[in-house]
Amino acid sequence: MRGILASSIGVTCAAALALPLAPPSTAADARPAPTAGAATRAAGTARPDVPGSTQSLSLGPLTRDRASGATVLGLAPRAVRPFSLLGVVWDDPAAELHGRVRVRTRAAGTGAWSGWRDVETHYADHVADPGSAEGAADGVRGATAPLWVGESDGVEIRVQPEPGEGGGEGEGEGAGADGFGGGEFGVGESGAEGFGAEGFGVGESGVGDHSVVPSGLRLELVDPGDEALEGPRIGVMSAEATAASAANSALAPLGALEIPALDGERTRQEYLTLHGAELTEQQRAEPYIGPRPAIVTRRGWGADESLRKKRFVYTGKVKAAFVHHTASGNNYECAQAPSLVRGFYRYHVRSLGWRDIGYNFLVDKCGRIYEGRAGGVAKPVKGAHTMGFNTDTTGIAVIGSYGSKKPSSSAVKAVARLTAWKLGLHGMNPRAQTYLKSAGGNLYRKGKKVRLNVISGHRDGFNTSCPGGKLYKKLGTARATAARYQGR
């Protein structure tokens, strides 16, 4: 099959060189219509939220795999408006994409095309609990993991159905230009591409009789928007931005871009102020809590607060932390991390239909910590990160893919510092175990009480490769370090 498909790659590359500068008119843009706020900004007043956009493109048949008879879906190379992050979504959030998704992109400015990269197809485990209001909301969709590709203005994608097989851990790195074949584009007499996105056997039962592909496949191209804010600019904060910032008012001033780090003694004093009335005499005398690390606020990484649902949702307490990776690839600079977080946020809310970004916290490879879901970093905000175990937990995602690449020592240390503080707020020992009740998943039935490590990997609560084997092996180090930070 490789020989057959490889023969078409030359055609693909030749077509790519002739791409028009303007994006095709068929590209659907999810950018909101101009508002009064946009008009104000045009007049010279800074807009309180960082803009961005999402292009949504239907995937259609391109060719047929001669070995299996399955239809290869995707898009021939085309020019699009600039974007930096991508993913594939489909209509039914309960459906799975059994196959391999590969993309290549054209770098904005240079016109150079990347090699083919894998997109992690399994992402249904990074979601709200089954039957929850968020999980059952209208407009929630199934999706692949997002892939960070850097600023790009051209894209080509192939979805190769493989019944019963997923895409593996999907490191999101270049795989060489000959990795996935091109197939024929189906250019008709009018010069238009292919067969369109409708019909051709694509439905809930799959493509033909040879593969299972969810219906409504669309490629989402996310522009994360401008750089993060340089100052608080409280005077131009929206009501939603004010509410998100006020949720951290006990820790930092309104409009703060970062919650500053505290030493051990000041952290203990803050802890007694926040929770003193709830504590026993022994807990007040000897609180086990790690020094509070610096945390970039949502304001700091540039969240457009108008995207999310307004209401904050809380759980009872934080008994455990689940560690994840974003499976978005490792090809990013730490200075770009705020853009990645904005991209994940927009992908989760606009493309997947969630109420907010799913993770409670994110950590970049340089060890910087970012506030995730809104509601206050010291509060038990309910996230959407570990299907079945979002109650009484917090979700921490290390930005990158760690199936075959080791996480940086800075990232592992940041996870330890964050968990030592966050779990300490709730009296939890990072080296201990605790019981959580499953809300349902592929490892534990709904209602089952499960004994898990207080610092667990995503795979401990759900049958998944997340957080990648290399990061998972570092969780023992994170537990020991976090306990030491707590003074245990």
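Two strands are said to pair if DSSP finds at least two bridges between them. In this predicted model, strand S3 (residues 60-64) and strand S4 (residues 71-90) clear that bar with four bridges, running in the antiparallel sense. Within this ladder, Pro61 stands opposite Leu73 in S4. The two strands make up a hairpin, with six residues between them. One residue of the turn, Gly69, has a positive phi of about 80°.

Next come the aromatic rings. A pair of such rings is described by two things, the distance of the centres and the angle of the planes. Going by ring centres within 6.5 Å, the count comes to four aromatic pairs. One of them joins Tyr123 and Trp354, and it is stacked, with 6.5 Å centre to centre and just 10° between the planes. Tyr123 sits in the loop between strand S6 (117-119) and strand S7 (142-143), while Trp354 belongs to the loop between helix H8 (337-351) and strand S15 (361-363), so the pair ties together parts that are 231 residues apart in sequence. Both rings belong to residues tucked away from the surface: Tyr123 is buried at a relative accessible area of 3%, and Trp354 is buried at 6%.

Phe322 and Phe389 make another pair, this one tilted, with 6.0 Å centre to centre and 40° between the planes. Here too the pair links distant parts of the chain: Phe322 is in strand S14 (residues 320-325) and Phe389 is in the loop between strand S16 (369-371) and strand S17 (393-398), 67 residues apart. Phe322 is buried, with a relative accessible area of 1%, and Phe389 counts as buried at 2%. The story doesn't stop at two rings, either, since ring pairs link Phe322, Phe389 and Tyr444 into a cluster.

Some rings have a charged partner instead. Arg298 lies over the face of Tyr345, at 5.0 Å from the ring centre. In a similar setup, Arg417 has its charged end over the ring of Tyr485, 5.8 Å from the centre.

That leaves helix H8. With 15 residues at 1.5 Å a residue, H8 should span 21 Å, and its end C-alpha atoms turn out to be 20 Å apart, which agrees. Is H8 mostly out in the open or largely enclosed? Of its 15 residues, 14 are buried, so H8 is largely enclosed by the rest of the structure. Just after the helix comes Gly353, which has a positive phi, near 85°.

Methods
Residues are numbered from 1 along each chain as its sequence is written. This is a predicted model: local features need pLDDT of at least 70, side-chain atom pairs count only at pLDDT 80 or more; totals for chains, interfaces and linings use all residues. Side-chain values use heavy atoms; hydrogens and water are left out. Rings of Phe, Tyr and Trp (its six-membered ring) pair if their centres lie within 6.5 Å; planes under 30 degrees apart count as stacked, over 60 as edge-to-face and the rest as tilted. Buried means under 20% relative accessible area, exposed over 50%, partly exposed in between (1.4 Å probe, protein chains only). A charge sits over a ring if NZ of Lys or CZ of Arg is within 6 Å of the ring centre and within 35 degrees of the ring normal. The expected span of a helix is 1.5 Å times one less than its number of residues.
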